[in-house]
Amino acid sequence: MSNSLIAAVLCLSVGLSFERELQASPSTIYTIDPWGDEMKYPDVKLPVNGAVQFKWSEFHGVYRIPISTCPGAFTPGNGIVALAPASSSGSFTTPPLAAGTYWYTCPVPKHCQAGQIVKVIVG
Ligand SMILES: [Cu+2]
């Protein structure tokens, strides 16, 4: 095989896998509406590739945190991931999720402690 043919095949396979990624859609979407403080959210159980949709109409946002403990500060890093900054209304849907356990909360001060946290178990 010539080098240019090998390069063409490599480009094609990279292109195809990129396209598959774009087309990936969740197997199930679990909606949390309203996403707010002073709530008590039951654990969410989803199949692999399930997704969670958050909807809110007051000042909230969505962050992923590594453990069930509310962080002292919402500085991204060490497992803290900013997914949707706080805004006066909005919605956010996670990408299809791999097997595992995830915690989502809101970065607005005191909301996590007030119950705006949910555990999601996938798989
Ligand atoms: Cu909030």
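Let's start in the middle of the fold: strand 4 and strand 7 (residues 100-105) run antiparallel, and 3 bridges join them. What you're looking at is a predicted model, and its protein chain has 1 helix and 8 strands. Here's a walk through the main features.

**Strand 4 and its partners**
- In the pairing of strand 4 with strand 7, one residue match to look for is I65, whose bridge partner in strand 7 is W103.
- Strand 4 is also joined to strand 5 (residues 81-87), this time by 4 bridges, and these two strands run antiparallel as well.
- For a residue match here, find Y63: its bridge partner in strand 5 is A82.
- Is strand 4 enclosed or left open? Strand 4 (residues 60-65) has 5 of its 6 residues buried, so the rest of the structure largely encloses it.

**A closer look at A82**
- A82 sits in strand 5.
- Buried or exposed? A82 falls in between: it counts as partly exposed, because 14 other C-beta atoms lie within 10 Å, and being buried would take 20 or more.
- Setting aside residues up to four places away in sequence, A82 touches Y63 and P76.
- A82 and V62 are 20 residues apart along the chain, yet their C-alpha atoms are separated by 6.8 Å.

**The three-stranded sheet**
- Another group of strands makes an open sheet of 3 strands, in the order 1-3-6, with mixed pairing.
- Why do two of these strands have a side without a neighbour in the sheet? Strand 1 (29-32) and strand 6 (90-93) are at the edges and have a single partner strand each, so one side of each has no neighbour there.
- From one strand to the next, the twist averages 15°.
- Strand 1 and strand 3 (residues 51-56) run parallel and are joined by 4 bridges.
- To spot that pairing, look for Y30, which has V52 as its bridge partner in strand 3.
- As background, strands of a sheet pair through backbone hydrogen bonds, and they can do this either parallel or antiparallel.

**The nonpolar core**
- How many residues does the largest nonpolar core have? The count is 18, and the residues with the most contacts inside this core are I32, V52, F54, V62, Y104, V118 and V120.
- Strand 3, strand 4 and strand 8 (117-122) each chip in at least two residues of this core.
- Strand 8 gives the most, with 4 residues.
- V120 is a handy residue to click on: leaving out neighbours within four places in sequence, V120 is in contact with V44, L46, V52, Y102 and Y104.

**The chain as a whole**
- Going along the sequence, you meet the pattern α-β-β-β-β-β-β-β-β.
- The protein chain has 123 residues, and 23% of them are buried.
- Take the contacts with a separation of 6 or more: residues 24 or more positions apart make up 57% of these.

**How confident is the prediction?**
- The average pLDDT of the protein chain is 88, and 81% of the residues score at least 70.
- Where does pLDDT stay under 50? That happens over residues 5-21, and for this stretch the model has 1 contact beyond four places in sequence.

Note on methods:
Residues numbered from 1 in each chain as written. Predicted model: local features only at pLDDT ≥ 70, side-chain atom pairs only at ≥ 80, totals over all residues. Buried ≥ 20, exposed ≤ 12 C-beta atoms within 10 Å, placed from the backbone. Contact = placed C-beta atoms within 7 Å. Pairing = 2+ DSSP bridges. pLDDT = per-residue confidence, 0-100. Axes fitted to C-alpha atoms, helices over the stretch in contact; angles between N-to-C directions. Core = buried A, V, L, I, M, F, W, Y, C linked by C-beta atoms within 7 Å.
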